[in-house]
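Me: I'm new to this structure and would like a close look at one part of it. Please start from a single spot and work outwards, explaining your terms as you go.

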Amino acid sequence: MVDKIANITKWILYVLLAFVFVSGILFYTGNLSEDAFISLSRILLILGVIIMFVSPIYTFITHPKNVVKLLISLAVFAIIIIVAFSMSTNTFSDLRLEELDVTAETSKLVGTGLYVTYILFFLAILTAIYASIVKVFK
């Protein structure tokens, strides 16, 4: 039963991907108006978000042991965000912020996003190196 639902979900995602691809081609060739493209994009986004939330919930219902792994991953990610937020600052002057049309808070949030990206990239590299080393010794 689980494999059947996973297979159905996979095909639904393929159909959504096909809609995105076709609507993009139609829009860029001028066969789809901008308003229709935006409306279709919103619908596809909403469907994708629904699948994104329903699929893990179903998986957790069928495999409750995976909830612990998810909570650990979310806790680690929250720690990374807190560390990145504490590291980021607004380095722009008031004049420069006005020129860029942003606030100091926005500047700090952008810095947080950059630090999160840097940290996750560094962790991905460390994980790849660790996996390579462990594979050599096995």
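Reply: Let's start at Gly113, which is found in helix 5 (residues 104–137). Helices here are DSSP runs of H or I with at least four residues, strands are runs of E with at least two, and both are numbered from the N terminus. Keep in mind that this is a predicted model, where local features need pLDDT of at least 70, side-chain atom pairs count only at pLDDT 80 or more, and totals for chains, interfaces and linings use all residues. Residues are numbered from 1 along each chain as its sequence is written, and side-chain values use heavy atoms, with hydrogens and water left out.

Gly113 has a relative accessible area of 33%, so it counts as partly exposed; buried means under 20%, exposed over 50%, and partly exposed in between, with a 1.4 Å probe and protein chains only. Its C-alpha atom is 9.0 Å from that of Ser88, although the two are 25 residues apart along the chain. Ser88 sits in the loop between helix 3 (66–87) and helix 4, and it is buried, at just 1% relative accessible area. Ser88 also has Tyr115 7.3 Å away, C-alpha to C-alpha, with their positions 27 residues apart in sequence.

Just before helix 5 comes another loop, the one after helix 4 (94–100), and Asp101 is in it. Most residues other than glycine have a negative phi, but Asp101 has a positive one, near 60°. Asp101 is exposed, with a relative accessible area of 69%.

Over to Lys108: its charged end sits over the ring of Phe85, 4.6 Å from the ring centre. To count, NZ of Lys or CZ of Arg must be within 6 Å of the ring centre and within 35 degrees of the ring normal.

Rings also meet rings, and the whole structure has four aromatic pairs. One of them is Trp11 with Tyr14, edge-to-face, at 5.2 Å centre to centre and 70° between the planes. Rings of Phe, Tyr and Trp (its six-membered ring) pair if their centres lie within 6.5 Å; planes under 30 degrees apart are stacked, over 60 edge-to-face, and the rest tilted. Trp11 and Tyr14 are about one helical turn apart because they are three residues apart in helix 1. Phe27 and Phe37, by contrast, are stacked, since their centres are 4.3 Å apart and their planes at 15°. Phe27 belongs to helix 1 and Phe37 to helix 2, so this pair ties together parts ten residues apart in sequence. Phe27, at 23% relative accessibility, is partly exposed, while Phe37 is buried, as are Leu44 and Ile51 in helix 2. Phe27 and Phe37 make up one aromatic cluster with Tyr28.

Helix 2 also matters for the largest pocket, giving seven residues, the most of any contributor to its lining. Both helix 1 (2–28) and helix 2 (34–62) supply at least two lining residues each. The pocket's volume is about 240 Å³. On a 1 Å grid over the protein atoms alone, a pocket is an open set of points where a 1.4 Å probe fits, with protein on both sides within 12 Å along at least five of seven lines, and lining residues have an atom within 4 Å of a point. Twelve residues line it, and Ile5, Thr9, Val54, Ser55 and Tyr58 lie nearest its centre. The lining splits into eight nonpolar, four polar and no charged residues.

Note on methods
Grid points are joined across faces, edges and corners, and a volume is the space filled by probe spheres set on the points. Ala, Val, Leu, Ile, Met, Phe, Trp, Tyr, Cys and Pro count as nonpolar, Asp, Glu, Lys and Arg as charged, and the others, Gly among them, as polar.
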